[in-house]
Amino acid sequence: MRTIPVSLGNRSYPIYIAGNILHRLGEIMAEQSLGKRVLLVTDTNVGPIYGKQVTDILVQAGFQVSLAIVAAGESSKTLEQAEKLYDAAFKGGLDRSCPVVALGGGVVGDLAGFVASTYMRGVPFVQVPTTLLAQVDSSVGGKVAVNHPRGKNIIGSFYQPGWC
Ligand SMILES: NC(=O)c1ccc[n+]([C@@H]2O[C@H](COP(=O)([O-])OP(=O)(O)OC[C@H]3O[C@@H](n4cnc5c(N)ncnc54)[C@H](O)[C@@H]3O)[C@@H](O)[C@H]2O)c1
């Protein structure tokens, strides 16, 4: 496994790159001082493929997982959808130390990152990018957002992945 450090002062974080790396997600997260409740966000295409596997991996590592599945596609990048995810985070008992995990492409990453950046003024955020675009572009750089009827990515912030 290759680890690339992204040096951003107190917002520094590592990027882990390897084939067949998914099974290591639990151990990597368990090494951090994170709260044990996780909001795992995915979509209706990725959820059926990886949702249970990732949930099981996190549970085995000692986390309690709330799985939130949003409709696949750009139409899910809305404040309305973000609000549903805040509700899921509350229901799941997430406090400020608990991570939001984005499992999906750029849509899920941008949406879950926006929720992570705003829920309780910011909680740990982990990206598990499943499209090439998300792996090489949207999961890196810290841009998170939802759309507004007047434009794409209008409501958002800069929020790096990391353990907080
Ligand atoms: N934050 C940034 O810096 C940044 C940069 C570029 C793009 N973006 C955003 O990224 C979004 C586009 O991302 P995208 O192209 O990944 O689109 P996407 O997230 O909509 O994914 C494309 C499709 O592939 C499906 N999918 C994802 N992973 C899969 C897998 N492993 N197997 C099968 N199906 C899978 C998804 O369900 C979806 O239907 C846009 O909202 C764009 O604004 C953000």
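The protein carries 14 positive and 11 negative side chains, and the centres of the two sets lie 4 Å apart. Here Lys and Arg count as positive and Asp and Glu as negative, with His and the chain ends not counted; each charge is placed at NZ of Lys, CZ of Arg, CG of Asp or CD of Glu.

Before we start: this is a predicted model, where local features need pLDDT of at least 70, side-chain atom pairs count only at pLDDT 80 or more, and totals for chains, interfaces and linings use all residues. Residues are numbered from 1 along each chain as its sequence is written, and side-chain values use heavy atoms, leaving out hydrogens and water.

**Exercise 1. Describe the overall fold and dimensions of the protein.**

Step 1. Start with the secondary structure: there are five helices and eight strands. Helices (H or I, at least four residues) and strands (E, at least two) are DSSP runs, numbered from the N terminus.

Step 2. Put them in order. Along the sequence you read β-β-α-β-α-β-α-β-α-β-α-β-β.

Step 3. Check the dimensions. The C-alpha trace spans about 40 × 35 × 30 Å along its principal axes. A compact globule of 164 residues would have a radius of gyration near 15 Å, and the protein agrees with its 14 Å. That radius is taken over C-alpha atoms, and the globule rule is 2.2 Å times the number of residues to the power 0.38.

Step 4. Look at burial and surface. Of the 164 residues, 46% are buried (buried means under 20% relative accessible area, exposed over 50%, partly exposed in between, with a 1.4 Å probe and protein chains only). The protein exposes about 8,500 Å², and carbon and sulfur atoms supply 54% of that area; areas come from the Shrake-Rupley method with a 1.4 Å probe, and for residues only the protein chains shown count as cover.

Step 5. Ask how far along the chain the contacts reach. Among contacts with a separation of 6 or more, 73% are between residues 24 or more positions apart (contact means heavy atoms within 4.5 Å).

**Exercise 2. Trace the salt bridges that involve K77.**

Step 1. Get the total: the structure holds five salt bridges, each a side-chain nitrogen of Lys or Arg within 4 Å of a carboxyl oxygen of Asp or Glu.

Step 2. Find the partners of K77. One is E74, with the closest N and O atoms 3.6 Å apart. Another is D110, at 2.9 Å from N to O.

Step 3. Place the K77–D110 pair on the chain. K77 sits in the loop between strand 4 (64-70) and helix 3 (79-91), while D110 belongs to helix 4 (residues 106-118); the two are 33 residues apart, and the pair links distant parts of the chain.

Step 4. Widen the view. Through shared partners, salt bridges join E74, K77, D110 and K152 into one network.

Step 5. Check the burial. K77 and D110 are both buried, K77 having a relative accessible area of 2%. E74 is partly exposed at 33%.

Step 6. Set another bridge beside these: R24 pairs with E27, with 3.3 Å between the closest N and O atoms. R24 is partly exposed at 28%, and E27 is partly exposed at 39%.

**Exercise 3. Work out what the segment after strand 8 touches.**

Step 1. Take P161, which lies in the segment after strand 8 (151-158). P161 is buried, at 8% relative accessibility.

Step 2. List its contacts, leaving out residues up to four places away in sequence: R11, Y13, F125, Q127 and S139. P161 and Y13 are 148 residues apart in sequence, yet their C-alpha atoms are 6.8 Å apart.

Step 3. Repeat for Q160, found in that segment after strand 8 and buried at 15%. With the sequence neighbours up to four places away left out, Q160 touches L8, R11, Y13, F125, G141 and G142. Its C-alpha lies 9.8 Å from that of V6, 154 residues away along the chain.

**Exercise 4. Locate two non-glycine residues with a positive phi.**

Step 1. Recall the background: most residues other than glycine have a negative phi.

Step 2. N20 goes the other way, with a positive phi of about 50°. N20 lies in the loop between strand 2 (13-17) and helix 1 (25-30) and is exposed, at 68%.

Step 3. C164 also has a positive phi, of about 65°. You'll find C164 in the segment after strand 8, exposed at 59%.
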